[in-house]
Amino acid sequence: MKNAYVLFKRYGVALLSCAFLSATLYAAEETAPGVKGVTEEEFTPAKEVLTVKYVEMAKPYHMDVESLEGFFKDAQGVTVPLQMQDKAFPNGGGSVKSAEVKGIHDGLAIYFKVTWSDPTRNARAIAVQEFRDAVALMFPLGAVEITPAEHFSPRMGDREKPTNLWHWKADWEADLLVKGELEDMENQYPNMHDDWNFNPYSAYYHRELITSVEVLSGGRAAHNLLSQPGRGRVVEDLNAEGFGTLTTQAHQDVNGCSKYEDGTWTVIIYRSLITEDPHDVQFVPGGTTYFNMAVWNGGEQDRNGQKSISSQWHPATLERVAWQ
Ligand code: CA
Ligand code: CA
C-alpha cells in the first residue's frame, strides 16, 4: 500500500494528465465523420444587431425588387463577413467575401434584403457542369438565448436545436419565367433529340410512359420540390438539426424576388411574421432572434456544402409596430 502511495505521488500528475488528455481527445472525436469541431468563438454571436425596421407598406404592390426596394431606404443594414465552408466534407466556397443584410416588417410580413457581389449570373443548373447562384438565411426555431455557455451551432444547428432555413435559388426564379414553370433539358439543349423520337412505334408501345410524367420522373413521383413544375415560388423552406440533416418542409411558406445588375445580386426574401407551421421560425414585433447565412456562387462551382458561410449567429431585433 505504501508502495502504491509512493508510485501515485511520483507518477500521479502524469497519470491524471493522461486521463485528462484521453477525455479531451474522446470529446474531440465526438463530431460526425468528416466534420471538424466548431471553435469556441463560433458559439459567440456577432455584436452588431440587425434592426428589422417597422415600415408602413401601402398595398397592393408588385412583389419584385423594384417595387420593394424603396421600403428599405431607412433600414440600417449589417455587413456579414463570409468565408469558405471548412468544417464538413466536401469543403469549398469562399469566393463571396461578404453580404449586406437589411430587414423590415409591416406588422404582417417580414422582408430581408440581401446584396452581394458576384461577377457571374448563374441561374440554370441543368447541365452537369452547371451550378446555381443562391443564398440561404437560417434561424433558430423557438425562443433561444445563444451564448458561449449555451451552445447552438451556427452551422446548420445541432441535434435537438433545430433551425429553419430559407433557401433562395436563382434557377427556381428562372423557372417561373418559362412555359410550364420548369426549365428543363430542352431549354438547355434546344436541338436535342432523344430515343423516343427515333422509334416510330414508341408512342404506341410506350404510351403509358409517355402520357405519365410521374412514371418517367422519379423526382416528381416522390414529390421532390426540385422536380416539380409550378412551384410558384423561388425560396425553399427547410429544416436542419446539424450537418447532413437538411430536409425540405411539407408546408412551404417563404417566397422572394431578385435582381442581378452590375455584378451584384439583390435578393429579397419574405414571409408572414407568423405561420401555422410548427417547423417555422415565428417573428414577434419587439422580439429578438438570430440569423445566419450562406451564399453560393455557381460560377465557382459552389453547391451543397461548398459555399461561402458566416461562422457566427447574428442577432436581429424587430421594431415594435408604431400605431398611428
Ligand atoms: Ca455567380
Ligand atoms: Ca413552413
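In the predicted model, Glu-150 and Lys-161 form a salt bridge in which the closest N and O atoms are 3.8 Å apart. Both residues lie in the loop between strand 6 and strand 7, so the pair ties together parts that are 11 residues apart in sequence. Neither side of this pair is classed as buried: Glu-150 is partly exposed at 43% relative accessibility, and Lys-161 is partly exposed with a relative accessible area of 24%.

The salt bridges of the protein number eight. Side chains of opposite charge can pair when their charged atoms come close. A salt bridge also connects Arg-155 with Glu-42, and here the closest N and O atoms are 2.7 Å apart. This pair links distant parts of the chain, 113 residues apart: Arg-155 is in the loop between strand 6 and strand 7 (163-169), whereas Glu-42 is in the loop between helix 1 (2-28) and strand 1 (50-54). Arg-155 has a relative accessible area of 4% and therefore counts as buried, the limit being under 20%. Glu-42, with a relative accessible area of 6%, is buried by the corresponding criterion.

A further salt bridge brings together the side chains of Lys-169 and Glu-236, with an N to O distance of 2.6 Å. Lys-169 belongs to strand 7 and Glu-236 to strand 8 (residues 235-240), so the pair ties together parts that are 67 residues apart in sequence. Both Lys-169 and Glu-236 are buried. Through shared partners, salt bridges join Glu-42, Asp-86 and Arg-155 into one network.

The calcium ion (ligand 1) has protein donors at 2.3 to 2.7 Å. Asp-118 and Asp-133 each contribute two OD entries to the donor list, Thr-120 contributes O and OG1, and Asn-122 and Asn-297 each contribute OD1. The sequence spacing of the donor residues is D-x1-T-x1-N-x10-D-x163-N. Within this site, Asn-122 and Asn-297 link distant parts of the chain, being 175 residues apart. Asn-122 is in the loop between strand 5 and strand 6 (134-140), and Asn-297 is in the loop between strand 12 (288-296) and strand 13 (308-309). Asn-122 and Asn-297 are both buried.

Attention now turns to the nonpolar interior. In soluble globular proteins, nonpolar side chains tend to be buried together. The largest nonpolar core contains 35 residues, of which Phe-112, Trp-116, Trp-166, Trp-168 and Met-293 touch the most other members. Strand 5 (residues 109-117) supplies four residues, the largest share of this core. A second core, separate from the largest one, consists of 12 residues, including Val-65, Leu-68, Ala-109 and Tyr-270.

At the level of the whole protein, the secondary structure comprises nine helices and 14 strands. Of the 324 residues in the protein, 44% are buried. Contacts between residues at least 6 apart in sequence join residues at least 24 apart in 69% of cases. The exposed area of the protein is about 18400 Å², and carbon and sulfur atoms supply 56% of this area.

Methods. Residues are numbered from 1 along each chain as its sequence is written. Chains are lettered from A and ligands numbered from 1 in the order in which they are written. This is a predicted model: local features need pLDDT of at least 70, side-chain atom pairs count only at pLDDT 80 or more; totals for chains, interfaces and linings use all residues. Side-chain values use heavy atoms; hydrogens and water are left out. A nonpolar core is a set of buried Ala, Val, Leu, Ile, Met, Phe, Trp, Tyr and Cys residues joined through side-chain atoms within 4.5 Å. Buried means under 20% relative accessible area, exposed over 50%, partly exposed in between (1.4 Å probe, protein chains only). Helices (H or I, at least four residues) and strands (E, at least two) are DSSP runs, numbered from the N terminus. Donors are N, O and S atoms within 2.8 Å of the metal (3.2 Å for Na, K and Ca); water is not among the atoms, so sites may look incomplete. A salt bridge is a side-chain nitrogen of Lys or Arg within 4 Å of a carboxyl oxygen of Asp or Glu. Contact means heavy atoms within 4.5 Å. Accessible areas come from the Shrake-Rupley method with a 1.4 Å probe; for residues, only the protein chains shown count as cover.
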